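This report goes through selected helices, helix contacts and single residues, with a table of single residues near the end.

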Amino acid sequence: MTHATLADIIAHIEELWPTEYAESWDSNGLATGDLNARVSTILMALDPMDAVIDEAVALNADLLFTHHPLLLRGVTSVAAHTLKGGALTRLISHGIAQYNAHTNADSAQGGVSDVLADMLELTDRQPITSGPNHAEGVGLGRVGTLPKPRTVSELAYTLARSTPATKTGIRVAGDPNATVSRVAVLAGSGDSLFDEVRAHGADVYVTSDLRHHPATEARDTSHRTTNTPHLIDVAHWAAESPWMSIAATQLGEKLKENGFDVDIHVSTTRTDPWDLRIASHDDA
């Protein structure tokens, strides 16, 4: 086996999740790190939070590979007492590089939304939306057909069993007893794609972070005959974190095929932000 450099690792990452698949507004790639540095240990995680960086330090990792970017929006200071500066200072002081694959990993085949679609066994899949230069099958979200019709509540319970538990759980808007066949999924915040979901004729839309106004407007503009699309809201962390184990396996196999000896770990740190849910009167 050959020792890998950070440049070697990035080349394999970008072969699996090409950066050209990323959305124009997004931030993907290397936030900090020396391309010539040796990488023996990688920690994979959804979020580059302080607790995850602590885990990387304890593991003596050389690379923290995350889905969400450490630097999505511009900052004017990376002083150690600031949020982003403190994270960068800690990473650099411990010789840990940080790289992320965000919407390019959402869009790639076998990526984040495909993992969610796999939970529902969707067939005949296509992206909800795709860029003009994307290869066939590449794009944000997936829309496909269930092996057999199921009720909305059955889908919600399947997702509850298949995704990590969260305090916020699974939320449904629409008729839980409606029978559906065509399903759209988008792991992560998806309330900007309601028009595209309707254009695909989806009976139900599975996504995360549905806000009050977009959700109520989506229900108000649902198809008058079929009352579709029904909505299933899965916590953002729960919808996306299952991809990390899949990504670790894919990256590990790719590196091994090319003769690189790298130890890959998946973070055990829970980065869902919610710690307590108090039931409403209807749920009590």
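A residue is called buried when its relative accessible area is under 20%, exposed when the area is over 50%, and partly exposed in between, using a 1.4 Å probe and protein chains only. Helices (H or I, at least four residues) and strands (E, at least two) are DSSP runs, numbered from the N terminus. This is a predicted model, in which local features need pLDDT of at least 70 and side-chain atom pairs count only at pLDDT 80 or more, while totals for chains, interfaces and linings use all residues. Residues are numbered from 1 along each chain as its sequence is written, and side-chain values use heavy atoms, with hydrogens and water left out.

## Helix α10

Helix α10 covers residues 242-257. The expected span of a helix is 1.5 Å times one less than its number of residues. For the 16 residues of α10 this gives 22 Å, and the C-alpha atoms at its ends are 24 Å apart, which agrees. Pro242, Trp243, Met244, Ala247, Ala248, Leu251, Lys254 and Leu255 are the buried residues of α10. Thr249 also belongs to α10, but with a relative accessibility of 44% Thr249 counts as partly exposed. Between the C-alpha atoms of Thr249 and Gly33 there are 23 Å, and the two residues are 216 residues apart along the chain. After α10 comes Gly259, which has a positive phi near 85 degrees.

## Helix α5 and its crossing with α10

Helix α5 consists of residues 112-119. Seven of its eight residues are buried, so α5 is largely enclosed by the rest of the structure. The buried ones are Val112, Ser113, Asp114, Val115, Leu116, Ala117 and Met119. Glu121 follows α5 and has a positive phi, near 55 degrees.

Two packed helices are described by the angle between their axes and the distance between the axes. Axes are lines fitted to C-alpha atoms, for helices over the stretch in contact, and angles run from 0 to 180 degrees between N-to-C directions. Angles under 35 degrees count as roughly parallel, over 145 as roughly antiparallel, 65 to 115 as roughly perpendicular and the rest as oblique.

How do the axes of α5 and α10 cross, and within what distance do they come? They cross at roughly 110 degrees and come within 9 Å. That makes α5 roughly perpendicular to α10. Contact means heavy atoms within 4.5 Å. On the α5 side the contact is made by Val112, Val115 and Met119, and on the α10 side by Pro242, Trp243 and Ile246. For classes, Ala, Val, Leu, Ile, Met, Phe, Trp, Tyr, Cys and Pro count as nonpolar, Asp, Glu, Lys and Arg as charged, and the others, Gly among them, as polar. The contact of α5 with α10 has six nonpolar residues, no polar ones and no charged ones.

## Helices α2 and α3

The axes of helix α2 (residues 50-59) and helix α3 (residues 83-93) come within 11 Å and cross at roughly 5 degrees. The two helices are therefore roughly parallel to each other. From α2, Asp50, Ile53, Asp54 and Val57 take part in the contact, and from α3, Ala87, Arg90 and Leu91. By class this contact has four nonpolar, no polar and three charged residues.

## Backbone and single residues

Most residues other than glycine have a negative phi, and most peptide bonds are trans. Asp124 is not a glycine, yet its phi is positive, about 50 degrees. Asp209, another residue other than glycine, has a positive phi near 60 degrees. The peptide bond from Thr228 to Pro229 is cis, with omega near 0 degrees. Pro229 lies in the loop between α8 and β12.

| Residue | Location | Relative accessible area |
|---|---|---|
| Ala4 | strand β1 (residues 4-5) | 0%, buried |
| Asp124 | strand β7 (residues 123-126) | 64%, exposed |
| Asp209 | loop between β11 (204-208) and α8 | 34%, partly exposed |
| Asn227 | loop between α8 (212-220) and β12 (230-234) | 31%, partly exposed |

Leaving aside neighbours within four places in sequence, Ala4 is in contact with Ile9, Ala37, Arg38, Val39, Phe260 and Val262. Ala4 and Thr76 are 33 Å apart in space, C-alpha to C-alpha, and 72 residues apart in sequence. Asn227 touches Asp175, Arg219 and Ser222, not counting residues up to four places away in sequence. The C-alpha atoms of Asn227 and Val204 are separated by 9.8 Å, with the residues 23 residues apart along the chain.
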